[in-house]
Amino acid sequence: MENNRPLNEYDRYLSPLDVLAIAFGCTIGWGAFVMPGTTFLPVAGPLGSVIALLISVAVVLVIGSNFSYLMRHRPGTGGVYAYTKDAFGRDHAFLCAWFLCLSYLTVVFMNATSLFLILRTVFGNSLRYGYYYYNIAGNNIFMGEVGASIVALATVGLLFINAKPLLQKLHTVLSVVLLAGVVIVAAFCLPRLDMSALRDGFGIQGGGKAMGIFSIVMLAPWAFVGFEVISLETAHFDFDIRKSRWIIPVSILLSGLVYIVLTLVSVSAAPDGYASWQAYIADLGNLDGTSAVPSFFAAKSIMGTLGLIVIAIAALAAILTGMIAAYRATTRVLSTMAEDNILSERFSKTTYSILTIMLVSIVISIFGRNALQCFMELTSFGAIVGFGYTSASAWKLAKERWASSAPWPPRPLPWCS
């Protein structure tokens with residue numbers, strides 16, 4: 001039972017590349033491929049989306065600097081729970097941990113239920129076989145689609161229990177594949193981008209340019225949640241914790257780059273019959289297959305079948321890395337609360353926590369992805385709570401260190417130290 005061993009006996013098996021892969025892989029999921037068409041472009045257009053994402057990256061970098069600061073000055077297990085407990089007490093830590101736990105759990109089953117969306121986009125309705133279980137929110141739930149999610153959840157969970165080192169290596173490889181796939185698609189598609197799409201491109205829903213940009217920035221906690229999970233893994237780093245200060249900023253910058261690139265790729269091509277990207281995006285609800293996902297359509301239109309294969313593999317890698325990282329993050333939070341007697345001691349056992357996460361996610365995924373959209377708000381709110389407590393904890397610790405020594409010249413700000 002690894003969580004009950006002294007800290008200095010933990011297995012240290014995570015290299016800097018592994019840690020970067022966890023942070024980056026958990027941040028990028030299916031949403032990075034589909035949100036440009038469903039959320040970013042309708043609200044803010046290409047130019048507005050790029051501006052909003054750059055602002056979001058700047059904001060999240062500040063939050064990330066707080067995590068990096070606490071990781072170096074409060075090393076050990078527990079992550080946000082431990083930081084909040086040290087700064088504000090057990091009650092605040094309990095509240096923060098539960099919100100984060102629900103947020104990570106949501107990432108697990110939302111990514112799992114995204115799996116069949118890739119298959120539906122690439123292969124059409126080939127998985128829509130068998131009788132549907134029932135109708136939820138106007139959507140029929142099909143055996144094949146639910147089965148794909150259940151298989152993914154069970155496979156990742158069982159690998160965590162029986163082959164964790166293999167799963168970690170797989171996660172690192174998948175993160176590299178994800179980034180490489182996006183870079184390849186960008187290299188072919190972005191040169192075909194019509195710059196006029198940027199010059200005249202703000203949202204198509206009205207509301208003004210500033211409001212469109214602000215709306216995208218408000219999604220930043222949801223879009224970037226995941227980079228902070230490495231704060232739960234510091235006990236497993238096989239390198240000096242002080243060398244980790246670059247990992248969080250790099251993961252945030254890479255994630256922002258992926259969002260921006262896929263947004264621009266989405267307006268680099270449109271199906272025949274559409275005079276502009278505005279007309280295409282406005283009609284997405286009436287399309288299906290690759291045409292319904294602009295990033296996939298652009299890759300296929302410009303690169304041919306190879307482009308569709310590359311972006312589908314990248315999207316699949318994004319889903320799996322998100323699932324794997326969120327699985328381990330949820331397990332760490334549950335284990336930490338169990339060690340502090342908030343939960344049953346059984347949750348301090350990795351196997352018990354993994355099986356619980358797996359079963360809960362499988363039950364929830366049976367309701368179908370369209371019925372689970374409300375959980376996106378839970379993820380965003382949980383991230384806001386976690387980010388807020390972490391930033392407040394970093395401020396309090398920095399203030400205490402300042403007051404205890406008050407050196408001259410003054411200490412640099414936390415993210416510079």
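**Figure 1. Phe88 in helix H3 and its partners far along the chain.** Phe88 sits in helix H3, which covers residues 80–88; helices here are DSSP runs of H or I of at least four residues, strands are runs of E of at least two, and both are numbered from the N terminus. This is a predicted model, with residues numbered from 1 along each chain as its sequence is written. Local features need pLDDT of at least 70 and side-chain atom pairs count only at pLDDT 80 or more, while totals for chains, interfaces and linings use all residues, and side-chain values use heavy atoms, with hydrogens and water left out. With a relative accessible area of 32%, Phe88 is partly exposed; buried means under 20%, exposed over 50%, and partly exposed in between, using a 1.4 Å probe and protein chains only. Setting aside residues up to four places away in sequence, Phe88 touches Tyr389, Ala392, Ser393 and Lys396, where contact means heavy atoms within 4.5 Å. Phe88 and Tyr389 are 301 residues apart along the chain, and 8.9 Å separates their C-alpha atoms.

**Figure 2. Ser393 in helix H16.** Now look from the other side of that contact: Ser393 belongs to helix H16, residues 374–405. Ser393 counts as buried because its relative accessibility is 2%. Which residues does Ser393 touch, not counting those up to four places away in sequence? They are Leu70, Tyr83, Thr84, Ala87 and Phe88.

**Figure 3. Ser361 in helix H15.** Here is another serine, Ser361, found in helix H15 (residues 350–365). Its relative accessibility is 0%, so Ser361 counts as buried. Apart from neighbours within four places in sequence, Ser361 is in contact with Leu105, Val108, Phe109 and Leu153. The C-alpha atoms of Ser361 and Leu105 are separated by 7.5 Å, although these positions lie 256 residues apart along the chain.

**Figure 4. Helices H6 and H14 crossing.** Helix H6 (residues 143–162) packs with helix H14 (residues 305–339) at an angle of about 55 degrees, and their axes are 10 Å apart. Axes are lines fitted to C-alpha atoms, for helices over the stretch in contact, and angles run from 0 to 180 degrees between N-to-C directions. H6 is therefore oblique to H14; angles under 35 degrees count as roughly parallel, over 145 as roughly antiparallel, 65 to 115 as roughly perpendicular, and the rest as oblique. The H6 and H14 crossing is right-handed, meaning that the near helix is turned clockwise from the far one by less than a right angle, whereas anticlockwise would be left-handed. On the H6 side the contact is made by Ala152, Leu153, Val156, Gly157 and Phe160, and on the H14 side by Met323, Ile324, Tyr327 and Arg328.

**Figure 5. Helix H5 and the glycine that follows.** In helix H5 (residues 115–123), the buried residues are Leu115, Phe116, Leu117, Ile118 and Thr121. What do the buried residues of H5 pack against? Their partners are helix H4 (90–112), H6, helix H13 (294–303) and H14. Just after H5 comes Gly124, with a positive phi of about 75 degrees.

**Figure 6. Asn341 in the loop between H14 and H15.** Asn341 lies in the loop that links H14 and H15. Asn341 is not a glycine, yet it has a positive phi of about 65 degrees. Is Asn341 buried or exposed? A relative accessible area of 67% makes Asn341 exposed.

**Figure 7. Helices H1 and H11.** Helix H11, residues 247–265, has 19 residues and reaches 27 Å from its first C-alpha to its last. That is close to the 27 Å expected at 1.5 Å a residue, the expected span being 1.5 Å times one less than the number of residues. Because 14 of its 19 residues are buried, H11 is largely enclosed by the rest of the structure. Helix H1 (residues 16–27) and H11 pack at an angle of about 40 degrees with their axes 9 Å apart, so H1 and H11 are oblique to each other. Their crossing is right-handed. From H1, Pro16, Val19, Leu20, Ala23, Phe24 and Thr27 meet Ile247, Val250, Ser251, Leu254, Ser255, Val258 and Tyr259 of H11.
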